[in-house]
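Trainee: Please take one buried or partly exposed side chain and follow its surroundings closely. After that, I would like to see how the rest compares in kind.

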Amino acid sequence: MRTTTTAIPTLRSPEHLLEAIPHLIGFHPCDALVAVVVRHSQVAVTAHEDLDAFEDPQAAAWLTERLTCDARGNPVDGTTVFLAAYGDRAKARSVLEDISDRLGRRVLDAIVVSHGQWCFLDEAGSTLGRPLPDPGPVSAAMGGPVVASRSALAQTMAAPVGAREDDLLTCFMACLDRVGDEDPRSAAEMVQDAMSRWAAGEVVSDEDFLCAGVAIGSGLVRDEIWKGMTLHTAKECLPFWVEVLSRTVTGLRTPILGVTGMVAWIAGEGAVMNICLEEAMSSDPEYPLIALLEQISRSCVPPQWWEEVMKPTGENPAQAVVG
């Protein structure tokens, strides 16, 4: 899932929403269903699921519930959904019909996108087609990086290989000694300093990135960092943690995958969150932060919950997010 606070008046037509979708998910969809969930006149959640996932007879029912209910399974009033299925026209149409039937009157529009053209679901049996919109005012307003595919996005976070891997492993071991003697508050200040320098456009060394990765592996340091994290600051610091992850070698990545995935969730970057989660689930699914992230993903918990839980506690809300 990916969330945004884009107001619906900005997205007034199917063309506007189709133009917005790559910005909402961070890449150009292919062979997938995209569902843009609208609540309180804002795009609240954008879901992306591979069409092949719907070969499981339970998948459509699961997704429909997640789109229309909160994390505890309670229906959310006023939910409407824009649906776009990308890929083979017949397959996309079949999935779209199933989801549309389940959502009923909550569907804003249902669109089939195939070979660079789109049509409404009730036109999908004909040869009618409209070209996908070129980048325009919506793209300019939303901005943000858009890569060619989900795999291209995953590659930006991939583990280093070859000589680069060897060099970074040596650097990581040195960072263990450098960070090991720091108390949690001092270590958190070191991480914050590195993030601030990165945000200011200053040069941050491999050692700085990896020291931040070593430090954040401590739950006490994470608590210090997360106490002040908001949806806005998460968006600002997510690229920093992607850089840390891209420098962390295979076998040492689980804590950083968890941290990067959590920051991505808070920032509304669901694609990044799920890429982190998938890698971690294949290597260490019992790691506590990964187990929490998996629950967040499975329950489609919106990132707004982070700040809602944070308000009354002022403490680390991670365990309270999913109740």
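A close look

Mentor: Arg-164 has a relative accessible area of 38%, so it is partly exposed (buried means under 20%, exposed over 50%, partly exposed in between, with a 1.4 Å probe and protein chains only). This is a predicted model, in which local features need pLDDT of at least 70 and side-chain atom pairs 80 or more, while totals for chains, interfaces and linings use all residues. Residues are numbered from 1 along each chain as its sequence is written, and side-chain values use heavy atoms, without hydrogens and water.

What does Arg-164 pair with? Its partner is Asp-206, and the two form a salt bridge whose closest N and O atoms are 2.8 Å apart (a side-chain nitrogen of Lys or Arg within 4 Å of a carboxyl oxygen of Asp or Glu). Arg-164 belongs to helix H6 and Asp-206 to helix H8, so this pair ties together parts that are 42 residues apart in sequence. Helices (H or I, at least four residues) and strands (E, at least two) are DSSP runs, numbered from the N terminus. Like Arg-164, Asp-206 counts as partly exposed, at 23% relative accessibility.

Helices H6 and H8 are also linked by Arg-178 and Asp-208, whose side chains meet in a salt bridge of 3.8 Å, N to O. Arg-178 lies in H6 and Asp-208 in H8, so here the parts tied together are 30 residues apart in sequence. The two ends of this bridge fall into separate classes: Arg-178 is partly exposed at 37% relative accessibility, whereas Asp-208 is buried at 15%. Both residues belong to a network of salt bridges, which also includes Asp-193, Arg-197 and Glu-207.

Helix H6 covers residues 162-180, and Met-173 is found in it. Met-173 has a relative accessible area of 43%, so it is partly exposed.

Now follow helix H8 to its aromatic side. The whole structure holds 6 aromatic pairs (rings of Phe, Tyr and Trp, the last by its six-membered ring, with centres within 6.5 Å; planes under 30 degrees apart are stacked, over 60 edge-to-face, the rest tilted). In one of them, Phe-209 and Phe-240, the centres are 5.2 Å apart and the planes at 45 degrees, and the pair is tilted. Phe-209 sits in helix H8 (residues 206-216) and Phe-240 in helix H10 (residues 231-246), so this pair ties together parts 31 residues apart in sequence. Phe-209 is buried, at 1% relative accessibility, and Phe-240 is buried too, at 0%. The two rings are part of a cluster linked by ring pairs, together with Trp-198 and Trp-241.

Another pair is made by Trp-265 and Trp-306: the centres are 6.2 Å apart and the planes at 80 degrees, so this one is edge-to-face. Trp-265 lies in helix H11 (residues 254-267) and Trp-306 in helix H14 (residues 304-313), so parts 41 residues apart in sequence are tied together. Both tryptophans, Trp-265 and Trp-306, are buried.

Back to charges. The count for the structure comes to 16 salt bridges. One of them joins Arg-66 and Glu-65, with the closest N and O atoms 3.9 Å apart. Arg-66 is buried, with a relative accessible area of 10%, while Glu-65 is partly exposed, at 36%.

Arg-66 is also among the contacts of Arg-39. Contact means heavy atoms within 4.5 Å. Leaving aside neighbours within four places in sequence, the other residues that touch Arg-39 are Ala-44, Leu-67, Thr-68, Cys-69, Val-76, Gly-78 and Thr-79. Arg-39 lies in strand S1, which spans residues 32-39, and is buried at 13% relative accessible area. The side chain of Arg-39 reaches the backbone oxygen of Leu-67 at 2.8 Å, and a polar contact of 3.1 Å joins it to the side chain of Thr-79 (N or O atoms within 3.5 Å; within protein, one able to donate a hydrogen and the other to accept it, and residues adjacent in sequence count only if both atoms are side-chain atoms).

Last, Ser-139 lies in helix H4 (residues 137-142). At 12% relative accessibility, Ser-139 counts as buried. Its contacts, apart from neighbours within four places in sequence, are Glu-19 and His-23. With His-23, the side chain of Ser-139 makes a polar contact of 3.2 Å. The C-alpha atoms of Ser-139 and Ile-21 are separated by 9.5 Å, although the two residues are 118 apart along the chain.
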